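Here is my notebook from an afternoon of looking things up in one protein model. Follow along with the structure open beside you.

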Amino acid sequence: MTTLTRDDLLADESVNTVRELPNKEVAPVPSIGSSAMLVELSISTWTGRKKDKRASEDVTARANAKAGVANVSKKLLGDCQELIAIQKFTANVRNIHYAMTMPWSDTGLRLLPTAQFFKYQEQLTALNQEYESLVNTFLREYDAEIINAQLKLGDLFDPNEYPTSDSLQSKFGFRLSYIPLPDTGDFRIDVGNEATAQIKAEYESYYSTQLQTAMNDVWRRAYDALSKMSERLDYTDVKKTFRDSLVHNVTDMIELLNVCNVTNDSQMSAMAMRLEDALRGVTPDALREDGRLRAETKRVVDDAIKSLPSLDF
């Protein structure tokens with residue numbers, strides 16, 4: 001019986017079954033694992049709405065319509081101001097969350113620059129506390145609101161459609177989840193060399209696409225703020241009115257260009273410095289009263305718009 005050595009096994013192609021994956025050109029992707037993280041905001045709020053099956057059937061019957069083409073949705077508490085306040089507040093929280101982060105995936109995850117973390121954490125913590133205060137106020141008034149709803153809804157009122165106070169509390173929630181952003185080369189799955197290389201290549205492509213989408217989102221926000229300022233400053237004889245936020249939106253955009261520049265894009269850094277120099281000392285009142293300042297500011301803003309990356313704006 002012939003004994004094969006280690007060198008014999010390595011030389012034997014029938015024994016050596018590990019194959020190299022063909023080289024695939026993948027564009028280098030900057031690693032931003034240390035300059036950004038992923039964040040997910042989850043807010044649940046009771047809608048206070050319910051489909052009324054009987055009323056829906058009555059509507060379709062009176063209209064001689066086919067069953068199921070119309071639905072009657074009723075507000076269980078009518079115009080309950082405490083519940084409306086929670087719903088409006090929740091929408092505002094989401095807007096703040098979107099404004100301070102960048103898009104990343106369709107699952108709700110957003111990219112949060114580490115330079116923005118403490119400001120984001122501080123603001124969302126305060127919003128969480130205010131949310132809980134609004135929910136507690138609503139829950140204290142809930143039983144009384146059910147009594148009021150009976151008068152408002154008339155025959156549409158059904159006491160069986162109202163959850164108890166205890167169960168209702170579970171329908172409200174405010175949760176933040178922070179997730180480290182994996183680098184493109186960080187793979188620890190033991191699936192073999194070939195599969196690992198394939199997964200890595202696919203993730204690098206995904207990573208690159210999502211990162212570009214996030215950076216483009218910042219540029220689009222800059223374009224929107226600058227375009228609006230340019231349009232409102234474009235007048236000589238026929239005066240256009242504008243709010244103080246016209247200037248504040250652009251100065252806020254300068255901060256965003258700085259903190260969201262997770263790839264250290266020199267063009268984004270230069271744009272932030274350019275706008276900061278141009279708007280230093282510029283106030284809404286000064287723009288309203290000084291035609292020369294208004295014209296010069298518009299010229300600088302228009303030049304900045306022309307130098308933005310081409311993103312099919």
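**Entry: the largest pocket**

I started with the pockets, and the largest pocket has a volume of about 460 Å³. I kept in mind that this is a predicted model. I then listed the lining of the largest pocket and got 17 residues, with Ala-99, Asn-249, Asp-252, Met-253 and Leu-256 lying nearest its centre. Next I asked which elements give two or more residues to this lining. They are helix H3 (81–100), H4, helix H6 (193–233) and H7. H7 gives the most, with seven residues. I also sorted the lining by class and found seven nonpolar, four polar and six charged residues.

**Entry: helix H7**

Since H7 had come up, I looked at its length. How far apart are the end C-alpha atoms of H7? I found 20 Å between them. Helix H7 covers residues 245–259, which is 15 residues, and at 1.5 Å a residue it should span 21 Å, so the two values agree. The expected span uses one less than the number of residues, which is why 15 residues lead to 21 Å.

Then I looked up which residues of H7 are buried. The list reads Leu-246, Val-247, Val-250, Met-253, Ile-254, Leu-256, Leu-257 and Val-259. I recognised Met-253 and Leu-256 from the pocket, where they are among the residues nearest the centre.

**Entry: just past H7**

I moved on to Asn-264, in the loop between H7 and helix H8 (266–279). Asn-264 has a positive phi of about 55°, although it is not a glycine. Is Asn-264 buried or exposed? Its relative accessibility is 67%, so Asn-264 counts as exposed, the cut-off being over 50%.

**Entry: aromatic rings**

How many aromatic pairs does the structure hold? I got nine. I took a look at Trp-46 and Phe-138: their ring centres are 6.3 Å apart and their planes sit at 35°, so this pair is tilted. The pair links distant parts of the chain, 92 residues apart. Trp-46 is in the loop between strand S1 (36–44) and strand S2 (49–51), while Phe-138 belongs to helix H4 (residues 114–153).

Both rings belong to buried residues: Trp-46 has a relative accessible area of 10%, and Phe-138 comes out at 0%. Under 20% is what buried means here, so both values qualify. I noted too that ring pairs link Trp-46, Phe-138, Tyr-142 and Phe-172 into a cluster.

**Entry: cysteines**

My last search was for disulfides, and over the whole structure I found zero. I still checked two cysteines. Cys-80 is buried at 2% relative accessible area, and Cys-260 is buried at 0%. Cys-80 has its place in the loop between strand S3 (73–75) and H3. I finished with the distance from Cys-80 to Glu-145: the two are 65 residues apart in sequence, and 7.2 Å apart in space from C-alpha to C-alpha.

Note on methods
Residues numbered from 1 in each chain as written. Predicted model: local features only at pLDDT ≥ 70, side-chain atom pairs only at ≥ 80, totals over all residues. Heavy atoms only, no water. Phe/Tyr/Trp six-rings, centres within 6.5 Å; stacked < 30°, edge-to-face > 60°. Helix = DSSP H or I, 4+ residues; strand = E, 2+ residues; numbered from the N terminus. Buried < 20%, exposed > 50% of the residue type's maximum accessible area, 1.4 Å probe, protein only. 1 Å grid on protein atoms, 1.4 Å probe; cavity = no way out; pocket = protein on both sides within 12 Å on 5 of 7 lines; lining within 4 Å. Points joined across faces, edges and corners; volume = space filled by probe spheres on them. Nonpolar A, V, L, I, M, F, W, Y, C, P; charged D, E, K, R; others polar. Disulfide = S-S within 2.5 Å.
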